[in-house]
Amino acid sequence: MLAVGDALADAYAQGRFVCVLGDAGVGKTFAVHTAGRRLGELLPLDLRAQPAPADLRAALHRALGLGGEAPADPGAADTLIRRALAVRPRIVVVEDADRLSASCFEYVRFLHDDLPQGLCVVLIAQARGERSLRAQRMLATRSAGWPCIWPFTCDQVPQAVAALHPLWQSVAPGDLQALDARLADGCLRRWVVLTLHTQRALAATGAKKPDGDMLQAVADRVDGGRRP
């Protein structure tokens, strides 16, 4: 969170790119959105699997709230988008950025270079997509940082999970580590699932905090009763 927050703050202040890397479920999007909301307006782009520049135009048109459908003429669409982006700084967020084509990167570069204040663009990708992003030469001189998010280590789990939600603060560190080893492997997304199921179990039983039996039942429900 600190690394992403620092890199995003620099990118936002300078109107530059930031590339956030990490395996699936470690909290990349969570970190970006949490840090980004403290800085300014987020524009997350809803894109199809292999987008073309036209998809980027349409997604930006929607995210900027320009109304109606994006103009079919690329020049007219870009004029509306550039005018809206020039009003005030925004943070454009692109998921699975390593899947963007060269023409999509060129389009984002065009928007960035066209605005006097630049454009803060967050490119989120899995760790294996770093090579694809590094191959885009334009990012080398326009990026404020390349933070990478790693899964929690076994030693980090008790403190990190207790910070995730108050219900884990009453659970012994060893029990949290055992639960992580069985189901989560330090993955934030899996701990969110465990938290939700444990909350439901507490509500159903009226208990104030989870005990060993409840955690065992939750683990069995999540993984179907399989054992490592």
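**Note on the pockets and the cavity**

1. Sixteen residues line the largest pocket, and Met1, Leu2, Val26, Ile149 and Phe152 lie nearest its centre. Four elements give two or more residues each to this lining: helix H1 (2–14), helix H2 (28–37), strand E6 (148–149) and helix H8 (157–164). Please keep in mind that this is a predicted model.

2. The volume of the largest pocket is about 420 Å³. Its lining is made up of 15 nonpolar residues and one polar residue, with no charged residues.

3. The second largest pocket holds about 210 Å³ of space. Its lining counts 15 residues. Those nearest the centre are Gly25, Lys28, Thr29, Glu95 and Arg189. At least two lining residues come from each of H2, strand E4 (120–125) and helix H10 (188–205).

4. What is the make-up of the lining of the second largest pocket by class? Seven residues are nonpolar, four are polar and four are charged. The largest pocket, by contrast, has no charged residues in its lining. Helix H2 gives two or more residues to the lining of the largest pocket, and H2 also supplies at least two to that of the second largest.

5. Now the enclosed space. How many cavities of 30 Å³ or more are there? The count comes to one. About 50 Å³ of space lies in this cavity.

6. Which residues line the largest cavity? They are Leu45, Leu56, Leu60, Val92, Val94, Val108, Leu111, Leu119 and Val121. Helix H3 (53–63), strand E3 (90–94) and helix H5 (102–114) are the elements that give two or more residues to this lining. By class, the lining has nine nonpolar residues, with no polar and no charged ones.

7. The chain as a whole. It has eleven helices and six strands. Its C-alpha atoms fill a box of roughly 65 × 35 × 30 Å along the principal axes.

8. Burial and surface. Of the 228 residues in the chain, 43% are buried. The accessible surface of the chain is about 12,000 Å². Carbon and sulfur atoms account for 52% of that surface.

9. Contacts. Take the contacts in the chain between residues at least 6 apart in sequence. Of these, 70% join residues at least 24 apart.

10. To sum up the linings: the largest pocket has 15 nonpolar residues and one polar residue. The second largest pocket has four charged residues among its lining. The largest cavity has nine nonpolar residues.

Key. Residues numbered from 1 in each chain as written. Predicted model: local features only at pLDDT ≥ 70, side-chain atom pairs only at ≥ 80, totals over all residues. Heavy atoms only, no water. 1 Å grid on protein atoms, 1.4 Å probe; cavity = no way out; pocket = protein on both sides within 12 Å on 5 of 7 lines; lining within 4 Å. Points joined across faces, edges and corners; volume = space filled by probe spheres on them. Nonpolar A, V, L, I, M, F, W, Y, C, P; charged D, E, K, R; others polar. Buried < 20%, exposed > 50% of the residue type's maximum accessible area, 1.4 Å probe, protein only. Contact = heavy atoms within 4.5 Å. Areas by Shrake-Rupley, 256 points an atom, 1.4 Å probe, with all protein chains shown as cover.
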